[in-house]
Structure formats: structure tokens, C-alpha cells
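Reader: I'd like a close look at one part of this protein, if you're up for it. Could you walk me through the helix that I should be looking at and what sits around it?

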Amino acid sequence: MSVLAIDLQVAVRRVSSVNPATGEVLRELECAGESEVLAAVARARAAQGAWAAIGVRRRIAVLREFQHRLHEKKSEIAEAITREAGKPVAEALTTEVLVVLDAARFLIDHAYRLLRDEPLPHGNLATKLKSGRLVREPYGVVGIISPWNYPFSIPATETLAALVAGNAAVLKPSEFTSLVALELQSVLHDAGVPTDVFQVVVGDGATGAALIHSRGETGIDKLVFTGSVATGKRIAAAAAERLLPVVLELGGKDPMLVLDDADVDVASSAAVWGAFVNAGQTCLSVERCYVHRSLYEAFLKACAEKTKKLRVGHGLDRETDVGPMIHEGQLRIVESHVADAAARGARLLAGGSRLPELGKNFYKPTVLADVTHEMRIMREETFGPVLPVAAFDSDEEAVRLANDSEFGLAASVWTRHGERGERLARRIQAGTVMVNDVVSCFGVSEAPHGGVKSSGVGRAHGRFGLEEMVRLKYLDVDLMPGMKKVWWYGYGASFRRQMEGFLDLQFARGFGERLRGALRAAGVMWRKRL
Ligand code: NAD
């Protein structure tokens, strides 16, 4: 936390935006205090009604404008991401800008259909004379708290869904990547999102906590949080106090299973990219790799060779494959996991040390073999450029190892036979399982993103992410307003007989029984109700 400066003397907290490759302080910003957070939420609430009232089609038009403007600024935004988060510009373009452009495409194409009223036909004869509809209403003000590792794509995809559904949104970005959030704000405002409908409150954990504790007229109506399990648990407890609905997108320890019929060349390339993309600081990165023993040594050799060829450097350098880590604290976690694994007998095949000649946040992409579940590296989220690999002897064992984790974000299965992969995929406890791919599910705008077990609650992206941004109201209209209901008071022996008949009519086994039921029930319509 060395980059988080707290100025106690004037009781103003500040966050510093730092280039992780060079250590250069890009900008210092004041943290929004509690009163500023409450004021932002109050402004958002005041502006939300008008935003909801313009209707989905006009909001979609704003999203289209946002998409055009983002496309025009694609390289500028990608470079801003690289300066603050370190990843190579090419990666910022594909895993951040492209993801957001496509999330906008999904909402432009589908939000109208997904948000409009939905008829709900009734199957029960007792309610046939009613018309049912599902109505989707915006929550009001959605709070979004986001991490630093995908500082653009995570808050932007969540924001677009919140806005198109008619909500106002208040974003508290990570203290390490405030500037990227401010870039997002500027593109949204330029595209026509009213200033108070989308606001960024810059700050640290205390600023995020103020957003959750906001109440009543100045309180948010829903929270979408993305971050670590530890913070997620704190947030869930605080949200429970005021029954605030939350989506929690938390950490992962994603397994990759390489079956005995996999293509070693393709799978090893996938493992290397999946483990080191964004210097391994990806919630969906390959954090554990299990390889069938028959391919184990060949796979390890291929991974080690490919890893040694990776060019580590500054993200703004076009030849860089792997950039720096976000800060030294994250790097120390990686070092401690690697040291623990080595002490317990893991084999180091590549990397395993810092690159001080490049800067203090650089760590060599690292391949470890013969790891076991007794090692921290196979149980805790490492969130760094390390690929730990273990062998297995049967599909059964592979599934058991994959599921032996507190996390359940995503997983992958590698095989030349799609059906076999699918069979195994269904047995893995995770929000997403990819057959023959890694990480890319985050870029499938139609697909729900989220975890099971400690990896979270709820979903982002696609239809289900949009559903998280609306309150579902069931609208029930009786089509015979002049008629009293047969089940109202006036109970007695004949009513009971008629009800039994009515139940038989709908649910009895044989046709004869149902016919008798119909006759017994027939009188019920003519009974005089109280
Ligand atoms: P973090 O939990 O430290 O911080 C996340 C956000 O929460 C930041 O904005 C932070 O300021 C804020 N925060 C911290 N304490 C808070 C509090 N008490 N109340 C309210 N807000 C608070 O996580 P991080 O280090 O920024 O991000 C890395 C983690 O995020 C990893 O565990 C990674 O797996 C996870 N992640 C998950 C997903 C996903 O989609 N599941 C995506 C990206 C990252």
C-alpha cells in the first residue's frame, strides 16, 4: 500500500496514481469523503428519474454514441490503461477496449428486447382469467466498486448494463487506477450520459465503505462489487445490515485440465498465455494446471521453452509480451507462494525471481512442476505470473483435483474430443468451463460471468448481467373485475367437494377421474361468494 498516501494532518486522504513500470507518480487525487459520496448518490438519485423516463431506445442511442467515441479513442484509452496498470497496449486493446466495445454491441442489439415487458401466461385453471406480465424496473442508483486489474473493462461493462436499464451509477474505482475511471467518465459524458447519471468517486477502501453505508435518499439501491474474497466478505456483511442487494465478483484459482488426447503444442501455448496475460493478474487466469502423466514431461518442456521466450518489459514498448505487476505488495505474495512451493519440493523450470534491472515491480514469468495441494500456490490466489503444473493419472483424479478448491470462477478442459471435454466440464464446480480455450469467456458478451463457492454471487455480462440491474415486478391484472373469486370465504362441505373436484380436474391420473372432477367442480363457478 506504499502508493496510498494518507495525509493525517489535514484529515484529507489522497490516492496516488502511479505508473507501475516506472514508478512515476502520474497524479495525486483527493479521496472522496463520506459527505461527498452521499452528495454524489443524492445527485444521482435526483437525475435518475429523467434518465429512466427517456426510455430504452434513447438510452441505447447514447450507448451507440459511446461505442463510436470509444472506438475513435481506442489507442488513447489503451495507452492510458497501460500507463496506470502496466499491461502491454495490445493487451489493453483486446482485453479491455474490445471487451467494452462488444459489451456495448450486445446491449445495443438486445437491451430493448430483454428489458421490455414479458407476458407470463398462466397454466393453472384457477388463474386463467388473469393476465400476467413481468415488468423490469431500474433499481435507481447502482453503486459499482471495481479493482485495478481490468480498470476499464470491468467498471465499463457493469456501468453500461446499469445505465441502459435506466439506473444512475456511482463508480468507486480502485485507488490504483483512478485515472482510467475518469477516462471512462469523460467518454460517457461526451456521448450524452448526463453528468449526474454517471459519477466517479475517487478513493480508497473507506470511500467504498461510505458508498455501502449510504442510506435512505442518499443510499445506493444495489451494489456490484468486483475484488478480492476478503473485501467481498466485508462488503457482504455491511450490505446485509441494510439488506442491500449485491453482486460479488470475487477471486479465482482457475484449473486447466490437459487430458491424455490433448494437443501438447496448442495446450502449452494456451497455458503460457492464460497464466501470464496481464502478468497473471487476471481473475480468470490459469492458476493451476493439471496434465495427464503421459503428456506431463513434454508439456512441461514446451511450457518452459515458450515461457523463456517471453519478452518482459514496459507495456508501452511494442515488443513487450508481459508487463510489470501493479505494485510490490502483489509481487511479494507471488514470491512467498513460489518460495513455499520450492521449499516443499516443487521443481523450478523457468523464472522464479525479480527483474530489478527493469524496475521494482517486474517478476519473471515462472513455471513450477511437481506442485501439490499442500502448497499455498495450489490453494490461495497467487495473482501473478506463475504457472504451477501437476500430473494426474485419470479423468476422475483430474476432476477431483479441479474441485478441491474454495474457489469456483472458471476452468478449462483440453482434449481433441469435444464431447469428452463437455462431459468433464459438466462435473467441474465453476461459473464457466471452457473446452479448449482459456480466459476468453470474459470477452463473450452474451455469456454470464461470475463464480460459485468463494468466487462470488450473481452474474455480470450478457442477459443475466442485465437482469442484475433491474427489479422484477410481476404485474397481475384480473380480466373479470366484476366477479368474486371462487376461493374467497363461504367455505363449507359443498365448497370442499368442489375444490377436491377442481384439483382432480387438473391433477388426477386418469381421464375418467379428471372428468368426474370437472363435473364436481362445475358448480363452484355459480356459488354465491361472500
Ligand atoms: P480489493 O478487494 O483489494 O479491492 C477491490 C475494490 O474494493 C477497490 O476499489 C477497493 O478500494 C475497494 N475496497 C477495499 N476495501 C473496501 C471496503 N471495506 N469497503 C468497500 N470497498 C472496499 O481487490 P483488488 O486487489 O483491487 O483486485 C484483485 C482481486 O479482484 C483479485 O482477488 C481478483 O481475483 C478479483 N477480481 C475478480 C474478478 C471477477 O470478475 N470475479 C475480476 C477482477 C478481479
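Author: Here's a walk along helix H4, taking its contact with H3 and then the largest cavity. Keep in mind that this is a predicted model.

Let's begin with the helix pair. H3 covers residues 74–85 and H4 covers residues 89–115. Their axes come within 8 Å and cross at roughly 110°. Since angles of 65 to 115 degrees count as roughly perpendicular, that crossing makes H3 roughly perpendicular to H4. On the H3 side, the contact is made by Lys 74, Ile 77, Ala 78, Glu 79, Ile 81 and Thr 82. H4 answers with Val 89, Ala 92, Leu 93, Glu 96 and Val 97. Sort the residues of this H3–H4 contact by class and you get seven nonpolar, one polar and three charged.

Now for the cavities. There are five of 30 Å³ or more, and the largest holds about 160 Å³ of space. H4 turns up again here: with four residues, H4 gives the most to the lining of that largest cavity. Helix H5 (153–164) and helix H14 (462–467) each supply at least two residues of the lining as well.

In total, 21 residues line the largest cavity. If you want to find its centre on screen, look for Thr 157, Ala 161, Ala 460, His 461 and Gly 462, the lining residues that lie nearest to it. By class, the lining of the largest cavity comes out as 12 nonpolar, six polar and three charged residues.

So H4 has a part in both places: H4 makes contact with H3, and H4 also contributes four residues to the lining of the largest cavity.

Technical notes
Residues numbered from 1 in each chain as written. Predicted model: local features only at pLDDT ≥ 70, side-chain atom pairs only at ≥ 80, totals over all residues. Heavy atoms only, no water. Axes fitted to C-alpha atoms, helices over the stretch in contact; angles between N-to-C directions. Parallel < 35°, antiparallel > 145°, perpendicular 65-115°, else oblique. Contact = heavy atoms within 4.5 Å. Nonpolar A, V, L, I, M, F, W, Y, C, P; charged D, E, K, R; others polar. 1 Å grid on protein atoms, 1.4 Å probe; cavity = no way out; pocket = protein on both sides within 12 Å on 5 of 7 lines; lining within 4 Å. Points joined across faces, edges and corners; volume = space filled by probe spheres on them.
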